[in-house]
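Good morning, colleagues. I would ask you to look at the sequence and the model first; I shall then go through the fold, the interior, the aromatic pairs and the charged contacts.

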Amino acid sequence: KTYALVFTTHRLILAEGTKELVSAEVTRAREAAKAGGSNVFGQVGAQLKAGSSWGLQFAGADPDAILAQSPGNLAYAPANIRELKVDRKTRTVGGEDGIDADYLKVTIETRDGKKTYETGSETPKLDDARRLVAWFMGLR
């Protein structure tokens with residue numbers, strides 16, 4: 001499972017990248033490229049970009065609506081987090097001959113233990129994610 005990280009002043013939301021959600025975003029991007037006059041290669045490019053940046057749709061969205069969107073979505077209040085780490089990892093996408101793609105591994109430690117989550121891509125970039133984590137943890 002992959003997640004989008006949504007930081008608010010009251011909680012960190014992990015929005016699950018369900019198959020339906022990612023597929024809808026990829027279809028929307030392809031149709032928008034097609035309507036904009038893009039050829040097949042432009043449409044494929046739009047689909048690839050949407051497949052790794054689907055989490056951007058949560059920017060500015062109502063946090064309660066994000067949580068209600070999928071039963072796999074989670075939220076953590078800053079006061080309940082002992083440690084929050086973000087690291088860049090790489091995985092091969094597309095089988096043996098695929099390409100390497102960076103993503104973020106998020107480790108959250110609460111009094112109930114440690115849990116790890118992965119993002120679909122390195123969005124936001126590692127340095128930006130770490131700045132957000134520092135800001136968020138400062139809210140405690």
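**Fold and overall dimensions**

The protein has 4 helices and 6 strands. Please bear in mind throughout that this is a predicted model. Read from the N terminus, the order of the elements is β-β-α-α-α-β-β-β-β-α. The C-alpha trace extends over about 50 × 35 × 25 Å along its principal axes.

Of the 140 residues in the protein, 34% are buried. The exposed area comes to about 8500 Å², and carbon and sulfur atoms supply 50% of it. As for contacts with a separation of 6 or more, 59% of them are between residues 24 or more positions apart.

**The nonpolar interior**

Let me turn to the interior. In soluble globular proteins, nonpolar side chains tend to be buried together. Which residues have the most contacts inside the largest nonpolar core? They are L12, L14, L84 and I108, in a core of 18 residues. Two or more residues each come from β1, β2, β4, β5 (99-110) and α4. Helix α4 gives the most to this core, with 5 residues.

L84 may serve as an example. Leaving aside residues up to four places away in sequence, L84 touches F7, L12, V106, T107, I108, V133, F136 and M137. Another core, of 10 residues, lies apart from the largest one, and among its members are V6, L21, V22 and V26.

**Aromatic pairs**

Two of the contacts of L84, namely F7 and F136, bring us to the aromatic rings. A pair of aromatic rings is described by the distance of the centres and the angle of the planes. A search of the whole structure finds 3 aromatic pairs. One of them is formed by F7 and F136, with 5.7 Å from centre to centre and 70° between the planes. This pair counts as edge-to-face, because the angle is over 60 degrees. F7 belongs to strand β1 and F136 to helix α4, so the pair links parts of the chain 129 residues apart. Are these two residues buried or exposed? Both F7 and F136 are buried.

There is also an aromatic cluster, made up of Y3, Y76 and Y117.

**Salt bridges**

I now come to the charged side chains. How many salt bridges does the structure hold? There are 6, and I shall describe three, including the one between K1 and E16.

In that pair, the closest N and O atoms of K1 and E16 are 3.8 Å apart. K1 is in the segment before β1 (3-7), while E16 is in strand β2 (residues 12-16), and the two are 15 residues apart. The partners fall into opposite classes of exposure: K1 is exposed, with a relative accessible area of 72%, whereas E16 counts as buried at 13%.

D64 and R11 form another salt bridge, at 2.8 Å from N to O. Because D64 lies in helix α3 (residues 63-69) and R11 in the loop between β1 and β2, the pair ties together parts that are 53 residues apart in sequence. D64 is partly exposed, with a relative accessible area of 48%, and R11 is partly exposed as well, at 22%.

R91 and E118 form a further salt bridge, with the closest N and O atoms 3.0 Å apart. Here strand β4 (residues 83-93) supplies R91 and strand β6 (residues 113-118) supplies E118, with their positions 27 residues apart in the chain. R91 is partly exposed, with a relative accessible area of 23%. E118 is also partly exposed, at 31%.

**A nonpolar patch on the surface**

I close with the surface. Which residues form a nonpolar patch there? L132, W135 and L139 do so, and together they have about 250 Å² of accessible area. L139 is found in the segment after α4 (126-137). Why can L139 belong to a patch, with its relative accessible area of 35%? L139 is partly exposed at 35%, and patch members need over 30% relative accessible area, so L139 passes that cut-off.

Thank you for your attention.

Definitions and conventions
Residues numbered from 1 in each chain as written. Predicted model: local features only at pLDDT ≥ 70, side-chain atom pairs only at ≥ 80, totals over all residues. Heavy atoms only, no water. Salt bridge = Lys/Arg side-chain N within 4 Å of Asp/Glu carboxyl O. Buried < 20%, exposed > 50% of the residue type's maximum accessible area, 1.4 Å probe, protein only. Patch = residues over 30% accessible without salt bridge, like charges linked within 9 Å, V, L, I, M, F, W, Y side chains within 5 Å. Areas by Shrake-Rupley, 256 points an atom, 1.4 Å probe, with all protein chains shown as cover. Core = buried A, V, L, I, M, F, W, Y, C linked by side-chain atoms within 4.5 Å. Contact = heavy atoms within 4.5 Å. Phe/Tyr/Trp six-rings, centres within 6.5 Å; stacked < 30°, edge-to-face > 60°.
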